[in-house]
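Open the model in your viewer and keep the sequence panel beside it. This tour goes stop by stop: select, look, move on.

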Amino acid sequence: MAEHPPLLDTTQILSSDIPLLPAPIVSGDGAQQLSLFTNVILVQVNPGEAFTIRREDGQFQCITGPAQVPMMSPNGSVPPIYVPPGYAPQVIEDNGVRRVVVVPQAPEFHPGGHAVIHRPPHPPLPGFIPLPAMMPPPPRHIYSPVSGTGDMATQYIPQYHPSQVYGDLDSLSTHGRSNFRDERSSKTYERLQKKLKDRQGSQKDKLSSPPSSPHKCPSPTNEHNGLIKGHNVSGLNTGSTKNKAGKGKVVSQMDTEIEEKDEETKALETLLSSITKPVVSDIQARTVVLTWSPPSSSINGETEENNVPELYSYEILVSNTGKEGKYKSVYAGKETSVTVKDLKPATDYHAKIQAECHSIKGNPSEAESFTTLSCEPDIPNPPRIANRTKNSLTLQWKAPCDNGSKIQNYLLEWDEGKGNGEFCQCYFGQQKQFRITKLSPAMGCKFRLAAKNDKGTSGFSEEVLYHTSGSAPSMPASPTLIKAGVTWLSLQWSKPSGTPSDEGISYILEMEEETSGYGFKPKYDGEDLAYTVKNLRRSTKYKFKVIAYNSEGKSNPSEIVEFTTCPDKPGIPLKPSVKGKIHSQNFKITWDPPKDNGGASINKYFVEMSEGSNGNKWDVIYSGTAREHLCDRLTPGCFYRLRVYCVSDGGQSSVSEPLLVQTPAVLPGPCFPPRLQGRPKAKEIQLRWGPPQVDGGSPIISYSVEMSPIETDEPREIYQGSEVECTVSSLLPGKTYNFRLRAANKIGFGQFSEKCEITTAPGPPDQCKPPQVTCRSATCAQVYWEVPVSNGADVTEYRLEWGGVEGCMQICYCGPGLSYELKGLLPATMYYCRVQAVSVAGPGPFSEVVVCVTPASVPAVVACLQEISEDEVESPDYSPSTCLAIKWEKPCDHGSEILSYSIDFGEKQPVTVGKISSYVIDNLQPDTTYRIRIQALNSLGAGPFSHTIKLKTKPLPPDPPRLECAAFNHQNLKLKWGEGATKALTTDSIQYHLLMEDKNGRFISLYRGPCHTYKVQRLSESTSYKFCIQACNEAGEGPLSQKYTFTTPKSVPAALKAPRIDKINDHTCEITWEVLQPMKGDPIIYSLQVMVGKDSDFKQIYKGSDWYFRYSGLQQNCEYRFRVCAIRQCQDTVGHQDLVGPYSATVIFISQRTEPPTSTNKDTAETTRPQRTMTDEQCAAVILVIFAFFSILIAFIIQYFVIK
């Protein structure tokens, strides 16, 4: 429970110390969001009440309710607010903007008797809101003040999601209050879980778009069922007025979709906050293993198991300053078991787990405490020297961290001054210092230190080298100069040779100034090896020497060295002055050196010039040692500013005061000739001109224009004034005049410009005479015409129109020539033409139309020459290997009928054909490319050749391969041909056609394809078959091969069934077997074999044509194995041949003594019954039946238990 704020009773509305700026008044719920101000104060005025504010001008303004008054603090901080009776202030943080909201107190809400909600924003902790029934009613006019930014602790309400409040309100479900998870909340939670599952299954790539974060949707507080509930309408926190029954109730209208989204976010945040505390295991000195379970929740007493752990991420928060101390994040990820490293030994820790889903974080879990184990101490720091003499060294050290176990002893080792890297113990104990005695002067020893406790010994510290005291230092080397300045010198020196590195040596730096006469004086005394001597004079020599000393005495001074300070930069030169007369394009300036050269002579002067009286661009026009300069190549009448600076060894001086100089003006330069403005008229022209490029340094005040006829060259002035244009009238048409121009400034008139010839406007030319047309060839004609009367203006061009239709002629020539040659005409075609003359005055009329006809010519080029496909060729003698078929379109005959065509296809003479449009070229070479072109011929000659096409004849069909029999039996023949692989590739271009002769002597097709083998099946035994083969490619089918004859062999007898064994007596049994019919007249005999006892081989006991055999000589209790096979006795022309068939299944027979007659018939039958074994076919049938039974059983189980 937070401490209640002190009560304040006052009627002042606002503090008079800090004025507030009134914002536009917004009535009702139409509050505007003010994003430009950091601190916004919303004062809600109830109906019938008044609110008074003081404006910037000091006047007071009274606002009557209902209204909401937003006001801003002008200084950016929260001012002290004194609220009127019946109001309560609240500080709310919204997106980093802190707002003070002043809302009226409802009669049911008692701010004086409840705990203020206070929870830091990172991480949000569950709030505690007591029921209104638990709050005592306060006085009517008591309210809680907010005095400023420093007194907000009790009223500070950060923006957290309402679900964080509901999570802690379940423990306050007293006085008949229903559970938070009612039916509506349960449905919202189920809808959230369903959406999470849908996102996991179909939108795993869009997990970066989580639902709205509660920190991005702040909501003010309203009262709901006696509790505080939040909602947000427009992002601006407003107060809500609640009255008792009879006064009405103001309820903000919320969008249904936003409300459902907030409810889902509340449910998700509650789910994330339900994570349990971690489980600690495998605690070590610096590591520990933390394990936890994903968040789970319960609805109506049942645990929800359909969580989506893949969408959760976790953050481990660890604190070593107590359970309420500061926690820091040590892990963030999706694992549920993590090894935390880099812990401190023997330290108490508290760990929490915080779950996150879609950028929404739940509350951290409860803290789990654990303590890391102790271990050996940390590595101590190297020992330091406390005192040294010529014969002893005293060392001291500090205790390192003991890591939970008290340090018992220290181990100090040294190398005994040998420097060989081997250490031995020189001290072991609890003290933190030790003195080593009996050493030699200037002796160097290395030391290292380790600490030990109950857990072990730490590692050794770094090795340090210390020396005992010796004699006084030797003479050091002379100091050297690091860098020199104007008033300082930075020097450094080194230790005397042979001095131990750890021996404390001090140095005295002495300096002498040559002109002082006081000799050497000490400037520095210390242990540093460098020093900067300051407050020196510029450009002055100084002498230095250094002396080293220690506790034993001083060394001899080093050799004396001299160093000189740098000179300073020179002073500002005096202002330059003009020497002599100022000319229009040059003048001379001079300057004096600076009064202070900085201790060094001036090396160079620099003169800078800027054009104009206020120019900022300075250019260096001179650099050198002279103190005067001639400034030339200047512009007359222009202002120039000049300044000087100098450079010495000490640097560059500042620039001098600038000198302003103006060059005198001169006569202006020549102008450009006047130019004609617009088009000239017959008696009047308009002239225009511009100012000269050079005005002489003075503005132009007047212009003078003179004119003279081209024949007389007697100029006269026609205009004088300040304008830049004039109109010249009373001119003769079509006549040429000369004009010239000059300009004047305050000095006078300048030179004339060059002459400009202008001719007055002439008239258009007269009509031309009809042109003469001469046909030079069937495609070329020459047109001639004469010059017409020009009417005061020369003809500038002629326009010739030409066309095949009299009314649709087009301009084919435009130029000054009197003839034109037309090319590319069509033979035997009528053309029309006319000509027109054009001058500057305009075009004249066209001449009369002239008609001409071009003579006939050779035919035009043959177009659309192409190949005819094989399917379109109807010639029976066409062969793609030796023939090519082409076609074309008839070209234009150009006035003479086409008589024939000439086909050129390579080396041979062209082929001439008649008036046809297609042709088959034969007697060509197979697999050869030909370039074919064609031309048409008429009575006038041959036309041009057509475009060339490339056609290629196909290769000749391949020869048949050799056919061989690769394998055979009595029913199959495997044939092989060619040299390729057994299986053809898809890129094979040769196909094979295998044929077999039937009973009628005709060959029938067996196989057509790219393979090189084929198996002929279902043949008869001992029969000869004839085959032939041919190869095919893109050129066609090749010739058939010779006939190949292959004969199938005779078949062997089939396998017999297992023989039957009947016992005759104790020493004799009878074996019977299946009888086979003769095969195609060949008799069948049988071979019976037996294996006795443990023999490994069968022995033949019978061979003949009988179907039974009686075997005697049986031994008692001995196992016999019998098998039988059929043998076909073939009678061939070659001779007698036996074909042995496969053996039957083996039958086992065990001979036993006959039992006495007292035994039953059933036992006798079982004893005398021969033992039989199942054949392979019977075993296969049994296995098949068992497999079918189990398949049906499994299908029934799946149908009944899974699908239904």
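Two strands pair if DSSP finds at least two bridges between them. Keep that in mind for the hairpin that joins E73 to E74 through 2 residues. Remember also that this is a predicted model.

**Stop 1: strand E73 and its partners**

Select residues 1024-1033, which form strand E73. Is this strand enclosed or open to the outside? Of its 10 residues, 7 are buried, so E73 is largely enclosed by the rest of the structure.

Now add residues 1036-1037. This is strand E74, antiparallel to E73 and joined to it by 2 bridges. Click Asn 1033: opposite it, in E74, stands Gly 1036.

Next, add residues 991-997. They make up strand E70, which runs antiparallel to E73 with 6 bridges between the two. Pick Gln 991 and look across to its bridge partner in E73, Cys 1032.

One more partner remains to be selected here: strand E75, residues 1044-1047. E75 and E73 are antiparallel too, over 4 bridges. Ser 1024 has Thr 1047 of E75 as its bridge partner. Strands of a sheet pair through backbone hydrogen bonds, so show the backbone atoms here.

**Stop 2: the loop before E73**

Step back to Ser 1022. This residue sits in the loop between strand E72 (1013-1016) and strand E73. Its phi is positive, about 50°, although Ser 1022 is not a glycine. Most residues other than glycine have a negative phi. Is Ser 1022 buried or partly exposed? It counts as partly exposed, because its relative accessibility is 40%.

**Stop 3: a three-stranded sheet**

Follow E72 into an open sheet of 3 strands, in the order E68-E69-E72 with antiparallel pairing. Which strands lie at the edges? They are strand E68 (963-968) and E72, each pairing on one side only. Neighbouring strands of this sheet are turned by 25° against each other on average, direction ignored.

Zoom in on E68 and strand E69, residues 973-977. They pair in the antiparallel sense over 5 bridges. For a single pair, click Ala 967; its bridge partner in E69 is Lys 974.

**Stop 4: the largest nonpolar core**

Go to the largest nonpolar core, a group of 24 residues. Select Leu 272, Val 288, Leu 290, Trp 292, Tyr 314, Ile 316 and Phe 370, the members that touch the most others. Which elements give two or more residues to this core? They are helix H3 (256-272), E12, strand E15 (313-319), strand E17 (337-340) and strand E18 (348-357). E18 gives the most, with 5 residues.

Center on Leu 290. Beyond its close sequence neighbours, Leu 290 contacts ten places worth clicking through, among them Val 280, Ile 316, Val 338, Ala 351 and Phe 370. A second, separate core has 21 residues, including Leu 1056, Ile 1061, Val 1090 and Leu 1114.

**Stop 5: Asp 282**

Select Asp 282, in the loop between strand E11 (279-281) and strand E12 (288-291). Here is another positive phi in a residue other than glycine, near 50°. With a relative accessible area of 48%, Asp 282 is partly exposed.

**Stop 6: Asn 745**

Jump to Asn 745, in the loop between strand E50 (736-744) and strand E51 (756-759). Why does this loop residue count as buried? Its relative accessibility is 3%, and buried means under 20%.

Show the side chain. It reaches the backbone oxygen of Asp 695 at 3.1 Å. Other residues that touch Asn 745 include Val 666, Leu 667, Pro 668, Ser 698 and Ile 701.

**Stop 7: Arg 931**

Select Arg 931, in strand E65 (residues 929-938). Add Asp 904, which is 27 residues away along the chain. The C-alpha atoms of this pair are separated by 8.0 Å. Arg 931 and Asp 904 are in contact. Further contacts of Arg 931 include Phe 905, Gly 906, Thr 948 and Lys 950.

**Last stop: residues 1180-1203**

Finish with residues 1180-1203, where UniProt places the feature "transmembrane region" in an unreviewed entry. What does the chain do there? It is 100% helix and 0% strand, with end C-alpha atoms 33 Å apart.

How values were computed: Residues numbered from 1 in each chain as written. Predicted model: local features only at pLDDT ≥ 70, side-chain atom pairs only at ≥ 80, totals over all residues. Heavy atoms only, no water. Buried < 20%, exposed > 50% of the residue type's maximum accessible area, 1.4 Å probe, protein only. Polar contact = N/O pair within 3.5 Å; in protein donor to acceptor, adjacent residues only side chain to side chain. Contact = heavy atoms within 4.5 Å. Axes fitted to C-alpha atoms, helices over the stretch in contact; angles between N-to-C directions. Core = buried A, V, L, I, M, F, W, Y, C linked by side-chain atoms within 4.5 Å. UniProt positions renumbered as here; feature names shortened; annotations may be inferred. Lists of a residue's contacts leave out its neighbours within four places in sequence.
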